[in-house]
Amino acid sequence: VNLALSVGIFPYVLKLLQSRAPDLRQVLVFIWAKILAFDNSCQQDLINANAQATFIDHLTWEGVNPEQHIMAVFILTSICEGYRPGQAQCFGQNLHTTLARLLRSGSVGG
């Protein structure tokens, strides 16, 4: 991850979040989970790109592997951790309601 970020891949991966291609979605969730596990200092960039909406939307997709849900929740947690604008954006987009629905369905974590 460090090497990928050091060669300047970050802006391109951020730009890919704007794509609505379903085949990219799972790969992007994986990539962003790895990036944020390494360095969550890009919270502001993700909020500026409205990326939280992409990850919240990912939680509502049917047939998504439980590990994908877990990675998306990790990403959203990283966006919110100690960052008020991230918290406000996620709350404003009803992340709490989406998570409650997901937990009630029992489809997280296998």
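**A salt bridge, a helix pair and two loop asparagines**

D57 counts as partly exposed, with a relative accessibility of 31%. In this predicted model, the side chain of D57 meets that of R25 in a salt bridge, with 3.3 Å from N to O. That makes up the whole tally, as the structure holds one salt bridge. The two partners come from distant parts of the chain: R25 belongs to helix 3 (residues 22-38) and D57 to helix 5 (residues 51-60), 32 residues apart. Their surroundings are not alike, since R25 is buried at a relative accessible area of 4%, whereas D57 is partly exposed.

R25 has company on the buried side of the ledger. In helix 3, the buried residues are R25, L28, V29, W32, A33, I35 and L36. As a general point, an α-helix has 3.6 residues a turn, so residues three or four places apart point the same way. The length of helix 3 also checks out: its 17 residues should span 24 Å at 1.5 Å a residue, and the end C-alpha atoms sit 25 Å apart, which agrees.

Next comes a helix pair further along the chain. Helix 6 (residues 66-80) packs with helix 7 (residues 84-92) at an angle of about 130°, and their axes are 7 Å apart. Helix 6 is therefore oblique to helix 7. On the helix 6 side, L76, I79 and C80 make the contact, while helix 7 brings in G86, Q87 and C90. Sorted by class, the contact of helix 6 with helix 7 has four nonpolar residues, two polar ones and no charged ones.

Two asparagines in loops stand out for their backbone. Phi of N50 is near 60°, a positive value in a residue other than glycine. N50 lies in the loop between helix 4 (43-48) and helix 5, and its relative accessibility of 36% counts as partly exposed. N94 tells a similar story, with phi near 60°, again positive in a residue other than glycine. The loop that holds N94 runs between helix 7 and helix 8, and N94 counts as partly exposed too, at 40% relative accessibility.

H96 sits in helix 8 (residues 95-105). With a relative accessible area of 38%, H96 is partly exposed. What separates H96 from I56 in space? The two residues are 40 apart along the chain, and their C-alpha atoms are separated by 9.8 Å.

Conventions. Residues are numbered from 1 along each chain as its sequence is written. This is a predicted model: local features need pLDDT of at least 70, side-chain atom pairs count only at pLDDT 80 or more; totals for chains, interfaces and linings use all residues. Side-chain values use heavy atoms; hydrogens and water are left out. Axes are lines fitted to C-alpha atoms, for helices over the stretch in contact, and angles run from 0 to 180 degrees between N-to-C directions. Helices (H or I, at least four residues) and strands (E, at least two) are DSSP runs, numbered from the N terminus. Angles under 35 degrees count as roughly parallel, over 145 as roughly antiparallel, 65 to 115 as roughly perpendicular and the rest as oblique. Contact means heavy atoms within 4.5 Å. Ala, Val, Leu, Ile, Met, Phe, Trp, Tyr, Cys and Pro count as nonpolar, Asp, Glu, Lys and Arg as charged, and the others, Gly among them, as polar. Buried means under 20% relative accessible area, exposed over 50%, partly exposed in between (1.4 Å probe, protein chains only). A salt bridge is a side-chain nitrogen of Lys or Arg within 4 Å of a carboxyl oxygen of Asp or Glu. The expected span of a helix is 1.5 Å times one less than its number of residues.
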